[in-house]
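Colleague: I am new to this structure and would love a guided look at one part of it. Could you take me through a pair of helices that meet, and then show me what lies around them?

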Amino acid sequence: MKELEDQKELIYRFFDENEKALMLILDACNWKVLRLLRNWLNIKVVRSRGSCTVQWLQYTFHEPLRDVVYVSANPYTYLLRNFREKFKRVIDLPLFCWDSNYNTVHPRSVNMFVKERVKVGDKKLIAHFMQPHPPFIFKTWLNKFSHDFRNGRRVLRVYELARRSFDIRREFIKAYMKNLGIVLSYVESLVKAVRKFDPGFKIVITSDHSEVLRGVYYPLKIRKKFWLSIPWILGIYRFVGHERDSKLKQLYEVPWATF
């Protein structure tokens, strides 16, 4: 099988080769679902440096991008101080655009700030949307298991429930697909607005890491407490979502599509 291109190299090349460049990050975007919802996009699969956002930020941005403004709906960009020093500016939307109805940053806020930065003359930007990552930005009972995410704590119990129950996993997949469809409508609106203001912008859509949706058996690994491994050994759980230091290669396979 042909080895996937390194997303990190593509990112640095993208900003180096284009005078006006906008990179759109869809958090936890499964490339197969993206292709299903937008089959007209020319999507290639590339290799991410992380299976969760923190890893991706730490292992992707080693060299500075001094002329790039990073507009982020993800709380981790605020918590990782060393990461912030790599950019011209990092705008942390969770600090002042938090949607308390859904406990996340709505994509309309990302659009608003990106358009404002383009209007004031910034020519290279990263827009990090929180979706399709839960919490979901529509009314669903699943959101009662997704609490305040601003402080970066692991509070998304919905993943744990989806791993235990086929019915909940099915509902989670439906919600994930709907969430991706919603954010894509905002992404497309943003692309039109930016291109209308300045047709010279090159635009690419990608993701920090993927999301496992169909149940796959969790790869056995040594745990600090053996009893935590028993449910996996018995096959009670199936993995859904993403986690740090994962051995699942699916989590490192992300989309790269130019508009």
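Modeller: Happy to; here is a short walk from the whole chain to one helix pair and on to a few single residues. Please keep in mind that this is a predicted model.

Let us begin with the overall picture. The protein chain has 9 helices and 12 strands. Of its 259 residues, 56% are buried. Among contacts with a separation of 6 or more, 71% join residues that are 24 or more positions apart.

Now to the pair you asked for. Helix 6 covers residues 107-119 and helix 8 covers residues 166-197, and their axes come within 10 Å of each other. The axes cross at roughly 10 degrees; because angles under 35 degrees count as roughly parallel, helix 6 and helix 8 are roughly parallel to each other. Their crossing is right-handed. On the helix 6 side, the residues that meet helix 8 are P107, R108, N111, V114, K115, V118 and K119. They face V183, Y186, S189, L190, A193, V194 and F197 of helix 8. Sorted by character, the residues of this contact are 9 nonpolar, 2 polar and 3 charged.

One residue of that list, V114, leads us onward, as V114 is also touched by V71. V71 sits in strand 4, which spans residues 65-72. With a relative accessibility of 0%, V71 counts as buried, because buried means under 20%. Leaving out residues up to four places away in sequence, V71 touches I91, L93, V110, F113, V114, R117, I126, A127 and H128. V71 and V90 are 19 residues apart in sequence, yet their C-alpha atoms are 6.0 Å apart in space.

H128, which is among the residues touched by V71, also takes us to T53, since T53 is in contact with H128 too. T53 belongs to helix 3, residues 53-60, and is buried, with a relative accessible area of 5%. Beyond neighbours within four places in sequence, the other contacts of T53 are D27, N74, Y76, D208 and H209. With D27 there is a polar contact, side chain to side chain, at 3.4 Å.

Finally, let us return to helix 8 from another direction. Helix 7, residues 157-164, has the buried residues V158, Y159, L161, A162 and R163. What covers these residues includes helix 8 and strand 11 (239-241). Helix 8 thus appears in two places on our walk: it meets helix 6, and it is part of the cover over the buried residues of helix 7.

Conventions
Residues numbered from 1 in each chain as written. Predicted model: local features only at pLDDT ≥ 70, side-chain atom pairs only at ≥ 80, totals over all residues. Heavy atoms only, no water. Helix = DSSP H or I, 4+ residues; strand = E, 2+ residues; numbered from the N terminus. Buried < 20%, exposed > 50% of the residue type's maximum accessible area, 1.4 Å probe, protein only. Polar contact = N/O pair within 3.5 Å; in protein donor to acceptor, adjacent residues only side chain to side chain. Contact = heavy atoms within 4.5 Å. Axes fitted to C-alpha atoms, helices over the stretch in contact; angles between N-to-C directions. Parallel < 35°, antiparallel > 145°, perpendicular 65-115°, else oblique. Left-handed = near helix turned anticlockwise from the far one by under 90°. Nonpolar A, V, L, I, M, F, W, Y, C, P; charged D, E, K, R; others polar.
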